[in-house]
Amino acid sequence: MSSRGPYRRHSPQFRLQLCQDIRSGAIGRRDAARHHNLSTSLLQLWLTQYDRGELSSEEAEASIVAEYEARIAALERKVGQLTMELDLAKKRRACAS
């Protein structure tokens, strides 16, 4: 059984820009697939989505906002955890003295 390469995710901004470049004629499909190491079927899927209007700058912006919100939530959880650990350490120090 052959092993596949690592799973990669491409940002909506990247997909949108690549599709715009292909549709404007700045780069050909084969060249884009070869240059970015993409399968031609994946590229065709993106172009179909682009033509239908499913890839848009609004989607790209929404993706960025969602990523930032997830990062903020993770940082807030970490701050809460560290605050609890600090409070516990202060209580231990107060009890020891």
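**Notes on a predicted model: cysteines, a helix pair and Glu 61**

1. Let me start with Cys 19, which counts as buried because its relative accessibility is 0%. Please keep in mind that this is a predicted model.

2. Cys 95 makes a nice counterpart: its relative accessibility is 69%, so Cys 95 counts as exposed, the cut-off for that label being over 50%. As for cysteine pairing, how many disulfides does a search of the whole structure find? The search comes back with zero.

3. Now to the helices. Helix 2 covers residues 29-36 and helix 3 covers residues 40-52; they pack with their axes 10 Å apart, at an angle of about 120°. Helix 2 is therefore oblique to helix 3, since roughly perpendicular runs from 65 to 115 degrees and roughly antiparallel needs over 145. The handedness of this crossing is right-handed.

4. Which residues of helix 2 and helix 3 make the contact? Helix 2 brings Arg 29, Ala 32 and Ala 33, while helix 3 supplies Thr 40, Leu 43, Gln 44 and Leu 47. By character, the residues of this contact comprise four nonpolar, two polar and one charged.

5. You may also like to look at Glu 61, which sits in helix 4, residues 57-96. Is Glu 61 buried or exposed? Its relative accessibility is 52%, so Glu 61 counts as exposed, given a cut-off of over 50%.

6. One last pair to display: Glu 61 and Pro 12. In sequence they are 49 residues apart, yet their C-alpha atoms lie 8.4 Å apart in space.

Methods: Residues numbered from 1 in each chain as written. Predicted model: local features only at pLDDT ≥ 70, side-chain atom pairs only at ≥ 80, totals over all residues. Heavy atoms only, no water. Axes fitted to C-alpha atoms, helices over the stretch in contact; angles between N-to-C directions. Helix = DSSP H or I, 4+ residues; strand = E, 2+ residues; numbered from the N terminus. Parallel < 35°, antiparallel > 145°, perpendicular 65-115°, else oblique. Left-handed = near helix turned anticlockwise from the far one by under 90°. Contact = heavy atoms within 4.5 Å. Nonpolar A, V, L, I, M, F, W, Y, C, P; charged D, E, K, R; others polar. Buried < 20%, exposed > 50% of the residue type's maximum accessible area, 1.4 Å probe, protein only. Disulfide = S-S within 2.5 Å.
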